Amino acid sequence: MTQDLTRPSLSDALTERVLELIRSDGLRAGDRLPSVRELAERFAVTAPTLREALRRLEATGAVRMRHGSGVYVGAGLERVVIPNPNVRRLAGGQLLQLLDARLLIEPPLAAMAARRADPADLARLRSILEQAGQHLRGEDAELNQINMTFHRAAAHAAGNDVLDEVIASLLSLHATEQREILRLFDDRVRDHEEHLAILAAIEDGDARAAEELMRTHLTDVKRVIEKRLD
């Protein structure tokens, strides 16, 4: 009984010590850590206990464990917003809440993107929409993925890493719901044209127009979803 109660605190301590090791050694994403056996010896724990801590870190993207190769620093080490991998599929009302959350965040980010986007950001956004234009005839899985990539790229172009992660988390975690939103909205051409208008405002550096167009776009989507759900 005592062992069961103390194990979580030991695992917490180990995850923190592994993170301290990564930072103190200046390791970056893709760098290899010492082997599990070496880490276990270093921290004076058993290999299974060490692996449990590493699995917790792997779940957050802080490390990657490659079978037969070793343990590596993950790309998610410095993430400050981590999605819940166990969340259930959202119900109809929660679809609207998801859109409400996006409405609060994405329009101001579009304005920031219009002020801050560099040529590489603009080229990526244009390329994404060119791809989307090739999937407007019922290829919903591909189109949804590309559309979400556009929204994520627009958020990234705003230059705020924390809000970028928030949008990335919302869109990647609720990918199934986003596909359902696309199905219910059922106007792929209109959706694409609104994306093009948002991009044009960002390219023109027109922050007010970019913000308003993004808000109108998401509001229109929400309005249609409300009607379809009723």
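This briefing walks through the salt bridges of the structure above and then looks at one histidine. Please keep in mind that the model is predicted. Across the whole structure, a search turns up eight salt bridges. Three of the pairs are worth a stop here: Glu106 with Arg102, Glu203 with Arg126, and Arg190 with Asp220.

**A pair within one helix**

- Glu106 and Arg102 are joined by a salt bridge, and their closest N and O atoms sit 2.5 Å apart.
- Both residues belong to helix 4, which covers residues 92-116. They are four residues apart, or about one turn of the helix.
- Are these two partners buried or exposed? Glu106 is buried, because its relative accessible area is 2%, under the 20% cut-off. Arg102 is buried as well, with a relative accessibility of 3%.

**A pair between helix 9 and helix 5**

- Glu203 and Arg126 meet through their side chains in a salt bridge, at 2.9 Å from N to O.
- This pair links distant parts of the chain, since Glu203 is in helix 9 (residues 188-203) and Arg126 is in helix 5 (residues 119-132), with their positions 77 residues apart.
- Glu203 counts as partly exposed, at 34% relative accessibility. Arg126 is also partly exposed, at 30%.

**A pair between helix 9 and helix 10, and its network**

- Arg190 makes a salt bridge with Asp220, where the closest N and O atoms are 3.3 Å apart.
- Arg190 lies in helix 9 and Asp220 in helix 10 (residues 207-229), so the salt bridge ties together parts that are 30 residues apart in sequence.
- How do the two ends of this pair stand in terms of burial, and what are the values? Arg190 is partly exposed at 30% relative accessibility, whereas Asp220 is buried at 12%.
- The pair belongs to a network of salt bridges that links Arg190, Glu194, Asp220 and Arg223.

**His195 and its surroundings**

- Helix 9 also holds His195.
- His195 is buried, because its relative accessible area is 1%, below the limit of 20%.
- Which residues does His195 touch, leaving aside those up to four places away in sequence? Its contacts are Leu129, Asn147, Phe150, His151 and His217.
- For one of these contacts, Phe150, the C-alpha atom is separated from that of His195 by 8.2 Å, although the two residues are 45 apart along the chain.

Key:
Residues are numbered from 1 along each chain as its sequence is written. This is a predicted model: local features need pLDDT of at least 70, side-chain atom pairs count only at pLDDT 80 or more; totals for chains, interfaces and linings use all residues. Side-chain values use heavy atoms; hydrogens and water are left out. A salt bridge is a side-chain nitrogen of Lys or Arg within 4 Å of a carboxyl oxygen of Asp or Glu. Helices (H or I, at least four residues) and strands (E, at least two) are DSSP runs, numbered from the N terminus. Buried means under 20% relative accessible area, exposed over 50%, partly exposed in between (1.4 Å probe, protein chains only). Contact means heavy atoms within 4.5 Å.
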